[in-house]
Amino acid sequence: MQNRLAAIMATDMVGYSRLMEIDELGVLTRQKAHRKELIDPKIASNRGEIIKTTGDGMLVTFSSIKDAVRCAIDVQSEMNRRETDEPEEQRISYRIGINLGDIIFDDGDVFGDGVNVASRLESLAPPGGICVSDVVHQSAADRIDVSFRDMGGQRVKNLSRPIRVWQWSPDAPPERKPPDISLQQRVSFCQSADGTHLAWASTGSGMPVLKAPNWLNHLEYEWTSPVWGDFLSEFSKLCNLVRFDQRGNGLSDWDVEDITEDRMIDDMLAVADAAGLERFGLFGISQGAAFSVRFAVKHPERVKFLILLGGYARGRMVRDDPDAAQFYEASRAMVSSGWGSPSPVYRHFFTTAYIPDATKAEGDSFDEMQRISTSPENALRIMEMNAYVDSRKEARAIRVPTLVLHVKGDMAAAIKEGRELAKEIPGAGFTELPGANHCMIRGHPGFDEFFHEISPFLEANSG
């Protein structure tokens, strides 16, 4: 066995099994031509060494980080051109991950954390794109005339803490500058009751408001998202906004045994304690409204008020609604079949449901955050939890000021669910917002109206 520091490039074909099922001979023939005419020559000219190959990928080592990155960019740029004439569903594309680390060479194979991280980076890369670790980016950024997008911290299997990831793709839009208030954010970690590590952060000042978990989150990536960045910035100007990535998602622990409503309440309490919050408001979006209601009843001494947006007390599978149940089953099928797929069909399904009025850039960002925030297995577990949530009984026991807001044309959570939630909570106010988006996006109907409504509510309940 031999130990050596090297740049490791992990490469994998996107949707290999699906492509082979469509046209096995054609895929193998084109793959062989790509290897002979492009990939192997680029590796050789950049002084790389192919250590291991599989039917759909390979591991390559380089003595120079610059050579590794240059090789990857050249291969990906040319591959997009070579496959242009193929039908979109049949195009061969690769994901590439690059890391620098100590690796162990043994009997023609390589092992070690450096290899594991490179493989995880490859899985995070978009089709036709590249993801590199922070150490690779720091070394190569000033030596190669291309731009990488900061993806923030990402969970890597077998590592206890997230690593910072940078992404390149040939058709990436210009990187969006995060709002100035995001510079206040410092990500911290705490432990929930069962030992799960949770990533949390706060921005703004004044009355503390804890945001309950909703669908998928990423504390760092959200700031550069056109869907979430401006929304979080405006909210943080009104209060001390405390956010966290729910378990199985974002920068919090992914490999967790239990993803349930009860654990969500435990996690909210753990974050509140870690942030030093004694009495605070709760902000719940979508299923986060149900979690907020449950928390407020279980810990009434901690909660001053509730702000609930696009929320519901009952998940899709407890509404006795065939359309809601059908949407849930379709969502499960889309996640199972298309998580990380290059096909726009899967993205389009979620985008049209959650933000039907989104621009292409907003829709692409929404899809990308979902893809990088969790695994398909955890996405299905979170989706199942949300589908069976039911906090109607707890809603009737709420005794704090509550403001329920809901967009009139919301397709992800029908406005009738918001109205029913408001009816269940004694004394709750209800405000109908214009628009159709489940998320509040600057420039779309509902964004300005939302902040116009919550600003006086926050002020009235901050004493």
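Reader: On what basis are helices and strands assigned here, and how many of each are there in the chain?
Author: Helices and strands are DSSP runs, a helix having at least four residues and a strand at least two. The model is a predicted one. Under that assignment, the chain holds 14 helices and 16 strands.

Reader: What radius of gyration does the chain have, and what does the globule rule give for 463 residues?
Author: The C-alpha trace spans about 70 × 45 × 40 Å along its principal axes. For 463 residues the globule rule gives 23 Å, and the value for the chain is close to this, so the chain is as compact as a globular protein of that length. The radius of gyration of the chain is 23 Å.

Reader: What percentage of the residues of the chain count as buried?
Author: The accessible surface comes to about 19,300 Å², of which 48% belongs to carbon and sulfur atoms. A residue is taken as buried under 20% relative accessible area. Of the 463 residues, the share that meets this criterion is 57%.

Reader: How far apart are the mean positions of the positive and negative charges of the chain?
Author: The chain carries 52 positive and 68 negative charges. The mean positions of these two sets are separated by 2 Å.

Reader: Which residues touch the most other members of the largest nonpolar core?
Author: This core has 97 residues. Apart from it lies another core, of 32 residues, which includes Met 20, Val 27, Val 60 and Ile 92. Leu 210, beyond residues up to four places away in sequence, touches Val 242, Phe 244 and Met 268, among others. In the core of 97 residues, the members that touch the most others are Leu 210, Phe 231, Phe 235 and Phe 450.

Reader: Is Ser 233 buried or exposed?
Author: Ser 233 belongs to helix H5, residues 229-236. Leaving aside neighbours within four places in sequence, Ser 233 is in contact with Pro 179, Ile 181 and Trp 223. Its relative accessible area is 7%, and the cut-off for burial is under 20%. Ser 233 is therefore buried.

Reader: Why is helix H7 described as largely enclosed, and which helices and strands do its buried residues pack against?
Author: Helix H7 covers residues 288-298, and nine of its eleven residues are buried, so the rest of the structure largely encloses it. Among these buried residues are Phe 291, Arg 294 and Phe 295. The elements against which the buried residues of H7 pack are helix H6, strand E13, strand E14, helix H11, helix H12 and helix H13.

Note on methods:
Residues numbered from 1 in each chain as written. Predicted model: local features only at pLDDT ≥ 70, side-chain atom pairs only at ≥ 80, totals over all residues. Heavy atoms only, no water. Rg over C-alpha atoms; globule rule 2.2 N^0.38 Å. Buried < 20%, exposed > 50% of the residue type's maximum accessible area, 1.4 Å probe, protein only. Areas by Shrake-Rupley, 256 points an atom, 1.4 Å probe, with all protein chains shown as cover. Lys, Arg positive; Asp, Glu negative; His and termini not counted. Charge placed at Lys NZ, Arg CZ, Asp CG, Glu CD. Core = buried A, V, L, I, M, F, W, Y, C linked by side-chain atoms within 4.5 Å. Contact = heavy atoms within 4.5 Å.
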